[in-house]
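User: Please take a close look at the cysteines in this model, and then set them against the rest of the chain. I would like the reasoning spelled out, since I work at the bench and want to follow each step.

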Amino acid sequence: MIHYQEFLRELDALADGSYLAFHKKLLKNDSINVLGVRVPDLRKLAKKYKDEVETLLTFPDEFYEVTFVKLSAVALLPYGQFIKYVDKCVPLIDNWATCDCFAPKCVEKHKDEFLPYIYSYLDNGGEFYQRFALTTLLHFYVEEKYLQQILSILQEDIDTDLYYVHMAAAWLIAEMLIKFYNDTVEFLKANAEGDFFDKKTHNKAIQKACESYRLSDEQKTFLKGLKR
């Protein structure tokens, strides 16, 4: 069984001072303690200790890397085990990087079963609860079967006044424009007066979509004309 001090020594041995400064700046949150371990090394530790999730979850969340390994280890579990821990994991998310990397592949084959969890995190209202719900939709649900549900969530269930929710919503809409262009264009047209979400999210989604090589120049020109 891994002990916390031993685990910290492993992290310290992998820390990179130059990466620490870079990553700390990216996180945009000075309250988060960062050791400076790169993501591939953190993923290796998560794989190494995925059978010790119960122990990992007892460790204090005093460093970004500790929380990252916890969540990454849980994300590697089969669905039946994963759902035993997910409600303990989501409250630990306090930054965009941990959130966006917490993408449990087991959800791919259990989309319908996991939808109630997504709605419960949206209902919670917390910034990173909502972002996790949106990034999970982005990672696994952007397909025709769930298109109307996603549009309904974007219309009714998110608070884009929260910065990281705003950015995740824009990212999700951009992906939907790429995969379901016509339906999502109609959705944006319907939001012309801001009935669903604010101007900044509307325009950021269009900006992100136009940065993609997967849309044609003609499509991008049209989308730019939908900016508010």
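Analyst: In this predicted model, the count of disulfides comes to 0. A disulfide is a covalent bond between the sulfur atoms of two cysteines. The cut-off applied here is a pair of cysteine sulfur atoms within 2.5 Å. C89 is in no disulfide, and the nearest cysteine sulfur to it, that of C106, is 11 Å away. Seen from the other side, C106 is likewise in no disulfide, with the sulfur of C89 as its nearest cysteine sulfur at 11 Å. As for their surroundings, C89 has a relative accessible area of 0% and therefore counts as buried, and C106, with a relative accessible area of 14%, is buried as well. The limit for that word is under 20% relative accessible area, so the values of 0% for C89 and 14% for C106 both fall on the buried side.

C89 belongs to the stretch given as helix 6, residues 79-89, and I83 has its place in that helix too. I83 counts as partly exposed, because its relative accessibility is 27%. The C-alpha atoms of I83 and V107 are separated by 9.6 Å, with their positions 24 residues apart along the chain.

Turning to the chain as a whole, the protein has 14 helices and 0 strands, and the pattern read along the sequence is accordingly α-α-α-α-α-α-α-α-α-α-α-α-α-α. For 228 residues, a compact globule would have a radius of gyration near 17 Å, and the 19 Å of this chain agrees with that. The C-alpha trace spans about 55 × 40 × 30 Å along its principal axes. Buried residues make up 50% of the 228 residues, while the accessible surface comes to about 11200 Å², with 50% of that area belonging to carbon and sulfur atoms. Among contacts between residues at least 6 apart in sequence, 68% join residues at least 24 apart. The side chains include 29 positive and 35 negative ones, and the centres of these two sets lie 5 Å apart.

Some individual residues help to fill in the picture. H23 lies in helix 2, residues 17-27, and counts as buried because its relative accessibility is 5%. Leaving aside its neighbours within four places in sequence, H23 is in contact with V34, Y64 and A97. K28 has its place in the loop between helix 2 and helix 3, and with a relative accessible area of 63% this lysine is exposed. The phi angle of K28 is near 55°, a positive value in a residue other than glycine.

Beyond that loop, V39 is placed in helix 3, residues 39-48. At 21% relative accessibility V39 counts as partly exposed, a label that follows because buried requires under 20%. Not counting residues up to four places away in sequence, V39 touches Y19 and F68. The C-alpha atoms of V39 and C101 are separated by 9.3 Å, although the two residues are 62 apart along the chain.

Notes
Residues numbered from 1 in each chain as written. Predicted model: local features only at pLDDT ≥ 70, side-chain atom pairs only at ≥ 80, totals over all residues. Heavy atoms only, no water. Buried < 20%, exposed > 50% of the residue type's maximum accessible area, 1.4 Å probe, protein only. Helix = DSSP H or I, 4+ residues; strand = E, 2+ residues; numbered from the N terminus. Rg over C-alpha atoms; globule rule 2.2 N^0.38 Å. Contact = heavy atoms within 4.5 Å. Areas by Shrake-Rupley, 256 points an atom, 1.4 Å probe, with all protein chains shown as cover. Lys, Arg positive; Asp, Glu negative; His and termini not counted. Charge placed at Lys NZ, Arg CZ, Asp CG, Glu CD.
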